Amino acid sequence: MPTIINAVSGTGLTQTADGSGIVKLQSNGVTTNALAWVNFDGSTATIRASYNVSSVTRTATGTYTIALSSPLSDANYSVVATGGNKVPTGIAYTVVTLNDNAITPSTSGFGLLTTHASTGVTWDPIRVGVAVFGN
């Protein structure tokens with residue numbers, strides 16, 4: 001269990017801790033901060049910056065596995081992700097979705113699939129950003 005700082009109506013702030021180094025901010029028992037995030041290069045799966053992400057593995061064109069450093073409390077989290085490239089004529093947009101075919105989302109990680117917005121073809125965007133929210 002991470003350090004949890006919880007703002008509770010009527011009683012103010014409460015804190016619990018286990019020494020893991022992970023901090024969760026809560027409002028009335030609901031976590032309000034990202035539990036993990038990563039910015040990476042989709043062509044090389046190189047992490048530029050991250051929090052609670054131990055690795056990004058490119059398993060095929062546009063297909064990635066994200067491993068979390070510390071497991072989440074359950075697999076009922078939400079993933080928000082974006083991706084794209086700047087190209088000579090403008091910006092190439094990307095659709096990023098959870099890829100349950102590659103890996104079933106678990107407390108320790110999940111899969112992503114990136115497809116070109118106009119063609120639907122999988123591709124490796126230069127910049128991919130991912131945030132994970134949950135309890």
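Arg-58 is partly exposed, with a relative accessible area of 34%. This value, like every other here, comes from a predicted model. The partner of Arg-58 is Asp-124, and their side chains meet in a salt bridge at 2.8 Å, N to O. Arg-58 sits in strand β7, residues 53-60, while Asp-124 lies in the loop between β11 (109-116) and β12 (127-133), so the pair ties together parts that are 66 residues apart in sequence. Asp-124 has a relative accessible area of 17%. Buried means under 20%, so Asp-124 counts as buried.

## Salt bridges

How many salt bridges does the structure hold? It holds two. Besides the pair of Asp-124 and Arg-58, there is one between the side chains of Arg-48 and Asp-41, at 3.9 Å, N to O. A salt bridge needs a side-chain nitrogen of Lys or Arg within 4 Å of a carboxyl oxygen of Asp or Glu, so the 3.9 Å of Arg-48 and Asp-41 qualifies.

Are the two residues of this pair buried or partly exposed? Arg-48 is partly exposed at 37% relative accessible area. Asp-41 is buried at 15%.

## The strands

The protein chain has zero helices and twelve strands. From the N terminus on, its elements are β after β, right through to the end.

Strand β5 spans residues 36-41. What does β5 pair with? One partner is β12, in the antiparallel sense, over five bridges. There, Ala-36 has Val-132 in β12 as its bridge partner. Another partner is β6, again antiparallel and over five bridges. Here Asp-41 stands opposite Thr-46 in β6. Asp-41 is also the residue that meets Arg-48 in a salt bridge.

β5 and β6 form a hairpin with four residues between the strands. In that hairpin, Ala-45 takes a positive phi near 60°.

## Aromatic pairs

A search of the whole structure finds two aromatic pairs. A pair of aromatic rings is described by the distance of the centres and the angle of the planes.

Take Phe-40 and Tyr-64. Their ring centres are 5.2 Å apart and their planes stand at 65°, so the pair is edge-to-face. Planes over 60 degrees apart get that label. Phe-40 belongs to strand β5 and Tyr-64 to strand β8 (residues 63-68), so to speak of distant parts of the chain is fair: the two are 24 residues apart. Phe-40 is buried, at 0%. Tyr-64 is buried, at 0%.

Now take Tyr-77 and Phe-110. Their ring centres are 5.9 Å apart and their planes stand at 55°, so the pair is tilted. This pair, too, links distant parts of the chain: Tyr-77 is in the loop between β8 and β9 (78-87), Phe-110 is in strand β11, and 33 residues separate them. Tyr-77 is buried at 10%. Phe-110 is buried at 1%.

The table lists the two pairs.

| Aromatic pair | Distance of centres | Angle of planes | Class |
|---|---|---|---|
| Phe-40 and Tyr-64 | 5.2 Å | 65° | edge-to-face |
| Tyr-77 and Phe-110 | 5.9 Å | 55° | tilted |

## Two asparagines

Where does Asn-52 lie? It lies in the loop between β6 (46-51) and β7. At 9% relative accessibility, Asn-52 counts as buried. The side chain of Asn-52 reaches the backbone nitrogen of Ser-70 at 2.7 Å.

Asn-6 is found in strand β1, residues 3-8. Asn-6 is buried, with a relative accessible area of 12%. Asn-6 and Leu-25 are 19 residues apart in sequence, yet their C-alpha atoms are 6.1 Å apart in space.

## The whole chain

The protein chain has 135 residues, and 36% of them count as buried. Its accessible surface comes to about 7,100 Å². Carbon and sulfur atoms account for 56% of that surface.

What share of the contacts between residues at least 6 apart in sequence join residues at least 24 apart? The share is 46%. The aromatic pair of Tyr-77 and Phe-110, at 33 residues apart, links distant parts of the chain. The salt bridge of Asp-124 and Arg-58 ties together parts 66 residues apart.

Methods
Residues are numbered from 1 along each chain as its sequence is written. This is a predicted model: local features need pLDDT of at least 70, side-chain atom pairs count only at pLDDT 80 or more; totals for chains, interfaces and linings use all residues. Side-chain values use heavy atoms; hydrogens and water are left out. Buried means under 20% relative accessible area, exposed over 50%, partly exposed in between (1.4 Å probe, protein chains only). Rings of Phe, Tyr and Trp (its six-membered ring) pair if their centres lie within 6.5 Å; planes under 30 degrees apart count as stacked, over 60 as edge-to-face and the rest as tilted. Contact means heavy atoms within 4.5 Å. Accessible areas come from the Shrake-Rupley method with a 1.4 Å probe; for residues, only the protein chains shown count as cover. A polar contact is a pair of N or O atoms within 3.5 Å; within protein, one must be able to donate a hydrogen and the other to accept it, and residues adjacent in sequence count only if both atoms are side-chain atoms. Two strands pair if DSSP finds at least two bridges between them.
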